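Please examine the sequence and the structure shown here before reading on.

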Amino acid sequence: MANDPVPAVRMGRPPATSHDELERIGLELFTTRGFEETTIDEIAGAAGISRRTFFRYYTSKNDLVWGDFDAELSRLRERLAATPPSVPMMAALREAVVAFNRVDAAHVALHRRRMALILGVPSLFAHSTLRFTGWRDVIAEFVGVRVGRPSGALLPQLVAHAALGCAIAAYTDWLHHEDADLEPLLDEAIAELATGFAGHEKRAGSETAAGFTDHGTAPADAP
């Protein structure tokens, strides 16, 4: 609640000096006091660090909620790039998205707090546009390679946007059911998506992928 007191810094408490600890403290304050109501000074004080030290870790409290997302995106890109060509595109995407969102059992409660904030606080969701764009870019790059098209072409972008929609839908369902497991929901969502895009990979010796032109659009004489 907005009027709850800010946790005081305990005497002799070692200061938080890691991203994980700052995230834990920040998410706890955001959940109990409200995201808009919590200031950076309050987070820093609860962590036993200075405001200047806080900014060594995060540029804003918005960024704290997302954690080290850029590093996670790099791992997602590497995972997709390492997928053997023999693995179908949508199967590879399905496995990678589920793995990307896999959370250790000990961190599930904290992850619920994080995602409830991201999807439930309007200002945070608006800020998330940049993060979502980065995520879609990684997916589109992978799809583009598989279908032999630029990542900005229609088909790679279509798959990337649809995959993000699936992930958000799965997370929304997960947040609405305390006893739900996230991984099966994500797996089911991407599996449903895969049925619509199966067969679009570039075939050996073909000039186009599943009826799409070099610009990612269907040819003029396509049905």
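The paragraphs below consider the confidence of the model and then two of its helices.

This is a predicted model, in which local features need pLDDT of at least 70 and side-chain atom pairs count only at pLDDT 80 or more, whereas totals for chains, interfaces and linings use all residues. Residues are numbered from 1 along each chain as its sequence is written, and side-chain values use heavy atoms, with hydrogens and water left out.

The pLDDT is the predictor's confidence in each residue, from 0 to 100. Its mean over the chain is 85, and 81% of the residues reach 70 or more. Over residues 1–14, however, the pLDDT is below 50, and it stays under 50 over residues 203–223.

Helix α8 comprises residues 122–147; helices here are DSSP runs (H or I, at least four residues), numbered from the N terminus. The expected span of a helix is 1.5 Å times one less than its number of residues. For the 26 residues of α8 this gives 38 Å, which agrees with the 36 Å between its end C-alpha atoms. A kink of about 35° in α8 is centred on T129, the bend being the angle between axes fitted to the seven residues ending at a residue and the seven starting there. Just after α8, G148 takes a positive phi of about 70°.

Where does α8 meet α7? The contact (heavy atoms within 4.5 Å) is made by L117, I118, L119 and G120 of α7 and by P122, L124, F125 and S128 of α8. The axes of the two helices, lines fitted to C-alpha atoms over the stretch in contact, with angles from 0 to 180 degrees between N-to-C directions, come within 5 Å and cross at roughly 85°. The helices α7 and α8 are therefore roughly perpendicular to each other, a term for angles of 65 to 115 degrees.

Key: Helix = DSSP H or I, 4+ residues; strand = E, 2+ residues; numbered from the N terminus. Parallel < 35°, antiparallel > 145°, perpendicular 65-115°, else oblique.
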